[in-house]
Amino acid sequence: MKREFAVIGLGRFGASVCRELSAEGMDVLAIDVLESKINEFRHIASHAVIADSTDEKAMKELGIRNIDHVIVAIGDDIQASILTTLILKEFGVKKVTVKAQSNHHEKVLLKIGADQVIHPERDMGRKIAHSIISNNFLDH
Ligand code: ATP
(Lines give C-alpha, C1' and ligand atoms only; values in the text may rest on other atoms or scores of the structure.)
Protein backbone atom coordinates (compact mmCIF):
# COMPACT_ATOMS: atom_id res chain seq x y z
CA MET A 1 0.00 0.00 0.00
CA LYS A 2 1.20 3.52 -0.86
CA ARG A 3 2.20 5.51 2.23
CA GLU A 4 0.91 9.04 2.61
CA PHE A 5 3.15 11.92 3.61
CA ALA A 6 2.73 15.67 3.98
CA VAL A 7 5.60 18.15 3.84
CA ILE A 8 4.88 21.56 5.39
CA GLY A 9 7.31 24.29 4.31
CA LEU A 10 9.12 24.06 0.99
CA GLY A 11 12.44 25.74 1.79
CA ARG A 12 15.64 23.95 0.71
CA PHE A 13 15.17 21.14 3.23
CA GLY A 14 11.41 20.62 2.82
CA ALA A 15 11.70 20.85 -0.97
CA SER A 16 14.39 18.19 -1.01
CA VAL A 17 12.36 15.83 1.22
CA CYS A 18 9.29 16.41 -0.94
CA ARG A 19 11.14 15.77 -4.23
CA GLU A 20 12.75 12.58 -2.94
CA LEU A 21 9.56 11.10 -1.47
CA SER A 22 7.74 11.87 -4.72
CA ALA A 23 10.54 10.37 -6.82
CA GLU A 24 10.23 7.20 -4.73
CA GLY A 25 6.56 6.98 -5.69
CA MET A 26 5.10 8.11 -2.36
CA ASP A 27 1.86 10.02 -2.08
CA VAL A 28 2.91 13.51 -0.93
CA LEU A 29 0.83 16.51 0.04
CA ALA A 30 3.00 19.65 -0.21
CA ILE A 31 1.92 22.67 1.84
CA ASP A 32 3.36 26.20 1.90
CA VAL A 33 2.01 29.70 2.50
CA LEU A 34 3.72 30.96 -0.64
CA GLU A 35 1.98 30.58 -3.99
CA SER A 36 5.32 30.57 -5.84
CA LYS A 37 6.47 27.47 -3.91
CA ILE A 38 3.19 25.68 -4.54
CA ASN A 39 3.34 26.46 -8.25
CA GLU A 40 6.83 24.92 -8.33
CA PHE A 41 5.60 21.70 -6.69
CA ARG A 42 2.31 21.30 -8.52
CA HIS A 43 3.82 18.76 -10.92
CA ILE A 44 6.17 17.14 -8.42
CA ALA A 45 3.99 16.28 -5.42
CA SER A 46 0.69 14.38 -5.66
CA HIS A 47 -1.10 17.43 -4.21
CA ALA A 48 0.23 20.94 -3.59
CA VAL A 49 -1.80 23.38 -1.52
CA ILE A 50 -1.35 26.99 -0.41
CA ALA A 51 -2.14 27.03 3.32
CA ASP A 52 -0.94 28.36 6.64
CA SER A 53 -0.21 25.36 8.84
CA THR A 54 -0.92 27.38 12.00
CA ASP A 55 -4.52 27.75 10.82
CA GLU A 56 -6.26 24.86 12.57
CA LYS A 57 -9.38 25.11 10.43
CA ALA A 58 -7.40 25.02 7.18
CA MET A 59 -5.45 21.96 8.38
CA LYS A 60 -8.68 20.22 9.34
CA GLU A 61 -10.16 20.90 5.91
CA LEU A 62 -7.07 19.42 4.26
CA GLY A 63 -7.67 16.18 6.17
CA ILE A 64 -4.18 16.29 7.62
CA ARG A 65 -5.24 13.97 10.46
CA ASN A 66 -5.46 11.07 7.99
CA ILE A 67 -1.86 11.37 6.83
CA ASP A 68 0.57 8.72 8.09
CA HIS A 69 3.63 10.93 8.48
CA VAL A 70 3.94 14.73 8.43
CA ILE A 71 7.27 16.53 8.05
CA VAL A 72 7.32 20.09 9.42
CA ALA A 73 10.09 21.91 7.58
CA ILE A 74 9.34 25.50 8.59
CA GLY A 75 12.65 27.23 9.20
CA ASP A 76 12.95 30.68 10.68
CA ASP A 77 9.51 31.03 12.21
CA ILE A 78 9.98 28.95 15.37
CA GLN A 79 6.59 29.98 16.72
CA ALA A 80 4.87 28.67 13.58
CA SER A 81 6.87 25.44 13.75
CA ILE A 82 5.83 24.86 17.38
CA LEU A 83 2.18 25.74 16.83
CA THR A 84 2.00 23.53 13.73
CA THR A 85 3.49 20.58 15.64
CA LEU A 86 1.01 21.12 18.47
CA ILE A 87 -1.95 21.17 16.07
CA LEU A 88 -0.77 18.00 14.29
CA LYS A 89 -0.30 16.07 17.53
CA GLU A 90 -3.66 17.30 18.88
CA PHE A 91 -5.25 16.05 15.66
CA GLY A 92 -3.70 12.66 16.37
CA VAL A 93 -1.24 12.49 13.45
CA LYS A 94 0.79 9.34 14.23
CA LYS A 95 4.23 10.44 13.11
CA VAL A 96 5.43 14.04 13.09
CA THR A 97 9.03 14.84 12.13
CA VAL A 98 10.14 18.42 12.72
CA LYS A 99 13.18 20.40 11.64
CA ALA A 100 14.66 22.28 14.61
CA GLN A 101 16.71 25.47 14.56
CA SER A 102 18.35 25.10 17.97
CA ASN A 103 18.59 22.86 21.02
CA HIS A 104 15.95 24.97 22.80
CA HIS A 105 13.61 24.59 19.86
CA GLU A 106 14.21 20.81 19.91
CA LYS A 107 13.45 20.62 23.64
CA VAL A 108 10.08 22.34 23.20
CA LEU A 109 9.20 20.19 20.17
CA LEU A 110 9.86 16.96 22.09
CA LYS A 111 7.87 18.24 25.07
CA ILE A 112 4.79 18.90 22.91
CA GLY A 113 4.96 15.45 21.32
CA ALA A 114 7.08 15.65 18.16
CA ASP A 115 8.04 12.06 17.31
CA GLN A 116 11.31 12.92 15.65
CA VAL A 117 13.36 16.12 15.64
CA ILE A 118 16.14 16.72 13.17
CA HIS A 119 18.83 19.37 12.74
CA PRO A 120 19.82 18.87 9.08
CA GLU A 121 23.11 20.79 9.23
CA ARG A 122 24.23 19.25 12.54
CA ASP A 123 23.14 15.71 11.60
CA MET A 124 24.75 15.90 8.16
CA GLY A 125 27.95 17.32 9.68
CA ARG A 126 28.11 14.30 12.00
CA LYS A 127 27.50 11.87 9.13
CA ILE A 128 30.20 13.48 7.00
CA ALA A 129 32.68 13.44 9.89
CA HIS A 130 32.09 9.71 10.42
CA SER A 131 32.37 8.99 6.73
CA ILE A 132 35.64 10.97 6.56
CA ILE A 133 37.00 8.92 9.47
CA SER A 134 35.99 5.59 7.96
CA ASN A 135 37.40 6.54 4.55
CA ASN A 136 40.68 7.47 6.23
CA PHE A 137 40.74 4.11 7.94
CA LEU A 138 40.26 2.40 4.60
CA ASP A 139 43.06 4.51 3.07
CA HIS A 140 45.64 3.30 5.61
P1 ATP B 1 15.87 25.93 4.40
O2 ATP B 1 17.13 26.20 5.18
O3 ATP B 1 15.48 24.50 4.34
O4 ATP B 1 15.80 26.63 3.07
P5 ATP B 1 14.64 27.84 5.98
O6 ATP B 1 15.17 27.55 7.33
O7 ATP B 1 15.22 29.00 5.21
O8 ATP B 1 14.68 26.54 5.17
P9 ATP B 1 12.14 29.12 5.74
O10 ATP B 1 12.44 29.65 4.39
O11 ATP B 1 12.07 30.02 6.89
O12 ATP B 1 13.09 27.94 6.07
O13 ATP B 1 10.76 28.31 5.69
C14 ATP B 1 10.61 27.22 4.85
C15 ATP B 1 9.28 27.33 4.13
O16 ATP B 1 8.22 27.28 5.07
C17 ATP B 1 9.09 28.63 3.33
O18 ATP B 1 8.84 28.30 1.98
C19 ATP B 1 7.90 29.29 3.99
O20 ATP B 1 7.06 29.96 3.06
C21 ATP B 1 7.18 28.11 4.63
N22 ATP B 1 6.35 28.48 5.78
C23 ATP B 1 6.69 29.31 6.79
N24 ATP B 1 5.67 29.42 7.67
C25 ATP B 1 4.66 28.62 7.20
C26 ATP B 1 3.35 28.30 7.66
N27 ATP B 1 2.84 28.81 8.79
N28 ATP B 1 2.60 27.45 6.92
C29 ATP B 1 3.08 26.90 5.78
N30 ATP B 1 4.31 27.17 5.30
C31 ATP B 1 5.11 28.02 5.98
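**How the ligand's pocket earns its labels**

Colleague: What takes up the largest pocket in this predicted model?

Modeller: The ligand does: its space is the largest pocket. To be said to sit there, more than half of a molecule's atoms must lie within 2 Å of the grid points.

Colleague: And what volume does the largest pocket have?

Modeller: About 500 Å³. The second largest pocket holds about 190 Å³ of space.

Colleague: How do you know which residues surround the ligand?

Modeller: The cut-off is a heavy atom within 4 Å. Around the ligand there are 18 such residues, and Arg12, Phe13, Asp32, Asp52 and Asp76 are the closest. By class, this shell splits into 7 nonpolar, 5 polar and 6 charged.

Colleague: What makes the approach of Ser53 to the ligand a polar contact?

Modeller: A pair of N or O atoms has to be within 3.5 Å. A polar backbone atom of Ser53 is 3.0 Å from a nitrogen atom of the ligand, so the pair passes.

Colleague: Why do Val33 and Gly75 count too?

Modeller: The reasoning carries over. For Val33, a backbone N or O atom lies 3.4 Å from a ligand nitrogen. For Gly75, a backbone N or O atom is 3.3 Å from an oxygen atom of the ligand. Both values are within 3.5 Å, so both are polar contacts. As for cover, the ligand on its own has 640 Å² of accessible area, and the protein covers 82% of that.

Colleague: What lines the largest pocket?

Modeller: There are 25 lining residues, with Gly9, Gly11, Ala73, Ile74 and Gly75 nearest the centre. Two or more residues each come from α1 (12–23), β2 (27–32) and α6 (120–139). The lining has 11 nonpolar, 6 polar and 8 charged residues.

Colleague: Why is Gly75 counted as polar in that tally?

Modeller: Because the classes put Gly among the polar residues. Gly75 is one of the lining residues nearest the centre, so it goes in the polar group.

Colleague: Which residues line the second largest pocket?

Modeller: Phe13, Ile118, Pro120, Asp123, Met124 and Lys127. α6 gives the largest share, 4 residues.

Colleague: What makes the class count there 4 nonpolar, no polar and 2 charged?

Modeller: Phe, Ile, Pro and Met are classed as nonpolar, while Asp and Lys are classed as charged. So Phe13, Ile118, Pro120 and Met124 make up the nonpolar group, and Asp123 and Lys127 the charged one.

Colleague: And how many helices and strands does the chain have?

Modeller: The chain has 6 helices and 6 strands, running β-α-β-α-β-α-β-α-β-α-β-α from the N terminus.

Technical notes:
Residues are numbered from 1 along each chain as its sequence is written. This is a predicted model: local features need pLDDT of at least 70, side-chain atom pairs count only at pLDDT 80 or more; totals for chains, interfaces and linings use all residues. Side-chain values use heavy atoms; hydrogens and water are left out. A polar contact is a pair of N or O atoms within 3.5 Å; within protein, one must be able to donate a hydrogen and the other to accept it, and residues adjacent in sequence count only if both atoms are side-chain atoms. Accessible areas come from the Shrake-Rupley method with a 1.4 Å probe; for residues, only the protein chains shown count as cover. On a 1 Å grid over the protein atoms alone, a cavity is a set of points where a 1.4 Å probe fits but cannot get out, and a pocket is an open set with protein on both sides within 12 Å along at least five of seven lines; lining residues have an atom within 4 Å of a point. Grid points are joined across faces, edges and corners, and a volume is the space filled by probe spheres set on the points.
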